[in-house]
Amino acid sequence: MIHFSKKMRDLLLGQKIENSITSIIELIIKINKIHKDRNKCFEKISLELDLLFVWVRLAKELKFISLKQYRYTCNRINKLSKICIGILKPNKLYKNLIQY
């Protein structure tokens with residue numbers, strides 16, 4: 001098994017979190033610009049939000065972030081999920097995002 005130093009794990013996990021956030025922002029901008037294939041963008045946002053939850057949880061478990069930071073971040077992710085649900089309510093994808 002490969003063993004990474006704590007600093008290396010921190011950098012790798014931080015990069016994953018930043019990439020997820022960047023992808024979510026890009027998809028939100030894309031949704032605002034296009035009118036076709038919005039459902040595909042919402043599916044991608046849902047996937048990125050799931051991944052972001054996993055990366056943030058892992059950062060907490062590895063003690064890279066405090067419990068306070070974890071709660072704050074999860075609260076913000078939940079708010080973003082609810083915004084997406086509000087936009088999707090009339091759509092079929094609403095059921096996929098309701099789990100948050």
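A residue counts as exposed when its relative accessible area is over 50% and as buried when that figure is under 20%, with partly exposed in between. That scale runs through everything below, which deals with a predicted model.

Start with the overall layout. The chain carries 4 helices and 0 strands, and reading from the N terminus the elements simply go α-α-α-α. Of its 100 residues, 26% come out as buried. The exposed surface of the chain adds up to about 7500 Å², and carbon and sulfur atoms supply 58% of that area. As for how the chain meets itself, take the contacts between residues at least 6 apart in sequence: 60% of these join residues at least 24 apart.

The loop between α2 and α3 is worth a stop. K63 sits in this loop and has a positive phi of about 65° even though K63 is not a glycine. For background, most residues other than glycine have a negative phi. K63 has a relative accessible area of 68%, and because the cut-off for exposed is over 50%, K63 lands in the exposed class. F64 belongs to the loop between α2 and α3 too, but its relative accessible area is 17%, so F64 counts as buried under the 20% limit. F64 also pairs up in space with a residue far off in sequence: F64 and G14 are 50 residues apart along the chain, yet their C-alpha atoms are 9.3 Å apart.

Both F64 and G14 turn up again in the lining of the largest pocket. About 170 Å³ of space lies in this pocket. The lining is made up of D10, L13, G14, I17, E18, I21, V56, A59, F64, I65, Q69 and T73. The elements that give two or more residues to that lining are α1 (6-33), α2 (38-61) and α3 (67-88). Helix α1 puts in the largest share, with 6 residues. By type, the lining splits into 7 nonpolar, 3 polar and 2 charged residues.

Helix α1 also offers two residues for a side-by-side look. S20 is in helix α1, and with a relative accessible area of 4% S20 is buried. Leaving aside residues up to four places away in sequence, S20 touches E48, L51, L52 and W55. I21 is likewise part of helix α1, but I21 has a relative accessibility of 38%, so I21 falls between the 20% and 50% limits and counts as partly exposed. I21 is one of the residues lining the largest pocket. Along the chain, I21 and L49 are 28 residues apart, while the C-alpha to C-alpha distance between I21 and L49 is 8.4 Å.

That leaves the cysteines C41 and C74. C41 has a relative accessible area of 3% and is buried. C74 is buried as well, at 10%. No disulfide shows up in the model: the count for the structure is 0.

Technical notes:
Residues are numbered from 1 along each chain as its sequence is written. This is a predicted model: local features need pLDDT of at least 70, side-chain atom pairs count only at pLDDT 80 or more; totals for chains, interfaces and linings use all residues. Side-chain values use heavy atoms; hydrogens and water are left out. A disulfide is a pair of cysteine sulfur atoms within 2.5 Å. Buried means under 20% relative accessible area, exposed over 50%, partly exposed in between (1.4 Å probe, protein chains only). On a 1 Å grid over the protein atoms alone, a cavity is a set of points where a 1.4 Å probe fits but cannot get out, and a pocket is an open set with protein on both sides within 12 Å along at least five of seven lines; lining residues have an atom within 4 Å of a point. Grid points are joined across faces, edges and corners, and a volume is the space filled by probe spheres set on the points. Ala, Val, Leu, Ile, Met, Phe, Trp, Tyr, Cys and Pro count as nonpolar, Asp, Glu, Lys and Arg as charged, and the others, Gly among them, as polar. Contact means heavy atoms within 4.5 Å. Accessible areas come from the Shrake-Rupley method with a 1.4 Å probe; for residues, only the protein chains shown count as cover.
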